[in-house]
Amino acid sequence: MMRDFFKPVLLIAGAWLATSCISITVTGNGKESDNLSSIKNKQASSSEALTPKGGNSIAIRSTNNPKDIRISSLHTNIVTAAYTPLVAWTWDGVPGTSRQLLNFNIPTISPSAKITRATLTLYPLETEAFASSSGTNNSFYIRQITSEWSLSNVSWANQPATTTSNQVLIPHNPLITSEPIAADVTNMVKYMVNTGKNYGFMLLLDNEVRYTSRIFCSSWHKDEAKHPCLTIEYEY
């Protein structure tokens, strides 16, 4: 049976945020896997690097983050891979949809500090094997996850709860470019820090209709400089 492949298209243009993240590698080969046992044991040892960006700010980026995972309607288990696919496509003629869960280990910030801005930076997937931007409406949402989830029980059939409050819509744009996207997630991060309820983000297409895609580098990508990065700026 013939497989339906993605066409080679690069990601859309987006605002660029210059950050100075560094990375600490978690043991693992970073290869795609839908075997839960291959990654769940890394959860306790996950490390993230904090680097001042000038003034009162931190930039958080992780390598092989065990809570940077794909959930797919075609997979029973979670999947880790070098890419973050927000996709509605077909595989061997079977339609499927995938979303991404992403949780950063945000450090303790003084209660007297006021968060002025938080930015999630996503980098396009630089490959000719997959379409980073396809479809007539490839806009996507960044939503705040509002319930606890773990590697042992999360799946497409058992997704964590999210809220549309403070969600960010990244608009459709089919232009070919290598520029990353910088999304303003300030209100969501304020809530996570102020309440201590940091369950991360869910990334999903606005239009989960067949042959629509947006794909980014994940924390499992071989180029650490292109891993997702969360920058938090604050003042006293």
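Is Tyr 211 buried, partly exposed or exposed? In this predicted model, Tyr 211 has a relative accessible area of 38%, so it counts as partly exposed. Tyr 211 will come up again below, after a look at the overall layout of the chain.

The protein has 236 residues, and 50% of them count as buried. Its accessible surface comes to about 10,700 Å², and carbon and sulfur atoms account for 49% of that area. The secondary structure consists of one helix and 13 strands. In sequence order the pattern is β-β-β-β-β-β-β-β-β-β-α-β-β-β. Contacts often span long stretches of the chain: among those between residues at least 6 apart in sequence, 82% join residues at least 24 apart.

The helix is a useful place to start. Helix α1 covers residues 186-195, and its buried residues are Thr 186, Met 188, Val 189 and Met 192. Viewed down the axis of α1, these buried residues fall within an arc of 165°, so they line one face of the helix. An α-helix has 3.6 residues a turn, so residues three or four places apart point the same way. What do the buried residues of α1 pack against? Their partners are the strands β6 (114-122), β8 (140-145), β9 (162-170), β10 (181-184), β11 (201-205) and β13 (229-235). After the helix comes Gly 196, which has a positive phi, near 75°.

One residue of the helix leads into the interior. Leaving aside neighbours within four places in sequence, Val 189 is in contact with Ile 106, Ile 115, Ala 118, Phe 201, Leu 230 and Ile 232. Val 189 also belongs to the largest nonpolar core, a set of 30 residues. Val 189 is one of the residues with the most contacts inside that core, and the others are Phe 140, Ile 142, Val 185, Phe 201, Leu 230 and Ile 232. Strand β6 supplies the largest share of this core, with four residues. A second core, separate from this one, has twelve residues, including Ile 69, Ile 78, Ile 145 and Trp 149.

Trp 149 also takes part in a contact with a charge. Lys 67 lies over the face of Trp 149, at 4.3 Å from the ring centre. Another such arrangement involves Arg 143, whose charged end sits over the ring of Tyr 141, 4.9 Å from its centre.

Pro 66 is found in the loop between β2 (57-62) and β3 (68-72). With a relative accessible area of 1%, Pro 66 is buried, because buried means under 20%. Pro 66 and Leu 151 are 85 residues apart along the chain, and their C-alpha atoms are separated by 8.0 Å.

Aromatic rings also pair with one another. How many aromatic pairs are there? The count comes to three. In one of them, the rings of Trp 89 and Tyr 211 have their centres 5.2 Å apart and their planes at 90°, so this pair is edge-to-face. The pair links distant parts of the chain, since its members are 122 residues apart: Trp 89 is in strand β4 (residues 83-91), and Tyr 211 is in the loop between β11 and β12 (212-217). Trp 89 has 6% relative accessibility, so it counts as buried, whereas Tyr 211 is partly exposed at 38%.

Another pair is formed by Tyr 234 and Tyr 236. Their rings are also edge-to-face, at 5.9 Å centre to centre and with 85° between the planes. Tyr 234 has a relative accessible area of 17%, so it is buried. Tyr 236 has a relative accessible area of 61%, so it is exposed.

The backbone of Tyr 211 has a feature of its own. Its phi is near 70°, a positive value in a residue other than glycine. Asn 166 likewise has a positive phi near 70° and is not glycine. Where are these two residues placed? Asn 166 is found in strand β9, while Tyr 211 lies in the loop between β11 and β12. With a relative accessible area of 37%, Asn 166 is partly exposed.

Terms used
Residues are numbered from 1 along each chain as its sequence is written. This is a predicted model: local features need pLDDT of at least 70, side-chain atom pairs count only at pLDDT 80 or more; totals for chains, interfaces and linings use all residues. Side-chain values use heavy atoms; hydrogens and water are left out. Buried means under 20% relative accessible area, exposed over 50%, partly exposed in between (1.4 Å probe, protein chains only). Helices (H or I, at least four residues) and strands (E, at least two) are DSSP runs, numbered from the N terminus. The arc is that of the directions from the helix axis to the C-beta atoms. Contact means heavy atoms within 4.5 Å. Accessible areas come from the Shrake-Rupley method with a 1.4 Å probe; for residues, only the protein chains shown count as cover. A nonpolar core is a set of buried Ala, Val, Leu, Ile, Met, Phe, Trp, Tyr and Cys residues joined through side-chain atoms within 4.5 Å. Rings of Phe, Tyr and Trp (its six-membered ring) pair if their centres lie within 6.5 Å; planes under 30 degrees apart count as stacked, over 60 as edge-to-face and the rest as tilted. A charge sits over a ring if NZ of Lys or CZ of Arg is within 6 Å of the ring centre and within 35 degrees of the ring normal.
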